[in-house]
Amino acid sequence: MSTIFDAAYVTALTLSSPYLLPKLLLSNRYRTGLTQRLGRVCKREEKRPCVWIHCASVGEIVTVKTLVNSLEKEFNNWDIAISTNTSTGQWVARRCFPERNIFYFPLDLSWVVERSLNAIRPDCVILAELEIWPNFLMALARRRIPVALLNARISEKSMKWYRVLNKISHGFFESLTKKENVFCARTKADATRLEGIGIAVDQISITGNMKYDNIVTSVPEDTKTRLLNLFGIKKEEKVFVCGSTHEGEEAIILRIFKRISSQYHNLRLVLAPRHIERCNDVIKLIESMGLKGIRKTLLDTGVSPVVTEEQGRLPNETVILVDTLGELQTIYSIADCVFVGKSLVPQGGQNVMEPAGLAKPIIVGPHTFNFHEEVPLLREANAIKIVQDESSFFDSVTHFLEHQEEALEMGKRAQLVVEEQRGATERNLNVLRRILLKERTVSV
């Protein structure tokens with residue numbers, strides 16, 4: 001049955017080659033990890049049992065961090081291999097798990113999948129979120145390797161797609177539903193949908209969302225002080241951090257910053273685009289709007305072409321542009337007000353729980369469908385402000401600046417939401433133990 005999916009993948013690759021080939025030739029981002037994606041991963045020589053954990057990108061890597069740490073302690077005779085789909089996921093994984101085997105997930109072509117499995121030789125595979133690939137899953141079934149789907153979420157649209165796949169390939173359906181597999185659903189609704197695509201009730205557990213167990217709720221004061229000094233921000237100044245912004249949002253943010261700065265001269269703006277390769281374009285946009293921009297990487301070197309005569313001081317109209325990876329959480333910690341991007345444009349939003357964990361008042365746009373669980377939790381607790389357009393965005397930022405106590409209380413409510421959702425990692429571990437202890441016994 002793998003031939004059905006192989007044929008579909010090859011056809012899709014052939015049709016998209018006029019677009020993909022130039023990307024491969026001209027963009028290092030697309031070439032990175034290509035040999036590993038084709039199954040050329042480092043062969044695991046150890047004879048110890050191994051668990052392969054697959055995470056699509058950064059969010060999933062952060063989600064499994066506590067889980068991996070717990071597995072390392074309890075199952076210290078196991079190897080842990082971790083794969084991702086994206087280069088940013090690889091970077092974060094290497095930073096979080098420097099001693100582990102980190103590699104790119106194989107393309108879902110049957111011969112590529114087999115090559116990767118031969119190299120890693122897993123005894124169990126953990127898939128974070130909804131990373132289900134037909135050929136990969138069927139190859140695991142043939143090898144009788146159990147699969148645990150953690151933080152499982154499934155939408156109504158996904159349900160329809162899996163039902164179509166089930167009709168196309170009975171082998172895929174059997175590999176998905178085999179009794180050794182377990183599914184740890186985030187919510188009751190997700191569990192019901194999993195049942196709807198044919199998963200047996202006794203294979204499903206409702207364990208919650210591990211994301212909350214990994215959310216930082218405090219940053220050391222000396223870390224925040226170093227960052228404020230680096231940015232040349234005084235304690236009496238207010239800091240507006242806009243994180244994970246996308247194209248179309250920066251112009252709105254900059255216009256709002258200019259308007260507010262004309263009234264409040266103690267406001268500083270820190271702008272962190274979601275994709276740092278856009279930073280050149282964002283700098284040009286900043287300058288085109290009559291503002292000055294400076295990259296964080298330049299500040300890190302101790303060199304700043306826009307400092308005033310006052311030692312270490314940046315002019316108030318200077319926008320600090322974050323062009324580094326992995327620092328947004330720390331940067332959120334110095335904020336008096338946070339905007340989380342990808343939400344003013346119809347892209348579905350970014351992670352609102354990072355600033356929530358740090359008790360920050362949060363503003364988002366109307367497009368947050370990627371976070372259909374998190375945003376309602378915050379909204380029900382009156383712990384987030386959803387704006388519809390530039391005008392209401394301006395009003396909300398101004399309101400938070402003028403009503404600091406109200407902003408602080410909103411931040412505290414957001415942090416409480418995070419704390420109340422914790423505990424999913426231990427519940428998932430209880431499910432995983434049934435698999436891993438059994439596999440360890442078989443290995444011995």
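Which residues of helix α6 (residues 110–120) are buried? The close-ups below take that up first, and everything shown comes from a predicted model.

**View 1. Helix α6 and the residue after it.** Here's the list for α6: Ser110, Val112, Val113, Ser116, Leu117, Ala119 and Ile120 are buried. Look just past the helix and you'll find Arg121, which follows α6 and has a positive phi, near 50°.

**View 2. Strand β11, covered on both faces.** This strand spans residues 318–321. On one side sit Thr318 and Ile320, on the other Val319 and Leu321, and all four are buried.

**View 3. β11 alongside β9.** Strand β9 takes in residues 267–273 and runs parallel to β11, with three bridges joining the two. To find your place here, pick out Leu271, which stands opposite Leu321 of β11. That Leu321 is one of the buried residues from View 2.

**View 4. β11 alongside β10.** Strand β10 (residues 292–295) pairs with β11 too, in the parallel sense and over four bridges. Ile294 has Ile320 in β11 as its bridge partner. Ile320 is buried, on the side of β11 that also holds Thr318.

**View 5. Gly302, out in a loop.** Now for the loop between α14 (296–300) and β11, which is where Gly302 lies. Is Gly302 buried or exposed? Its relative accessibility is 65%, and exposed means over 50%, so Gly302 counts as exposed. Leu230 is worth finding in this view as well: Gly302 and Leu230 are 72 residues apart in sequence, while their C-alpha atoms are 8.4 Å apart in space.

How values were computed:
Residues numbered from 1 in each chain as written. Predicted model: local features only at pLDDT ≥ 70, side-chain atom pairs only at ≥ 80, totals over all residues. Heavy atoms only, no water. Buried < 20%, exposed > 50% of the residue type's maximum accessible area, 1.4 Å probe, protein only. Pairing = 2+ DSSP bridges.
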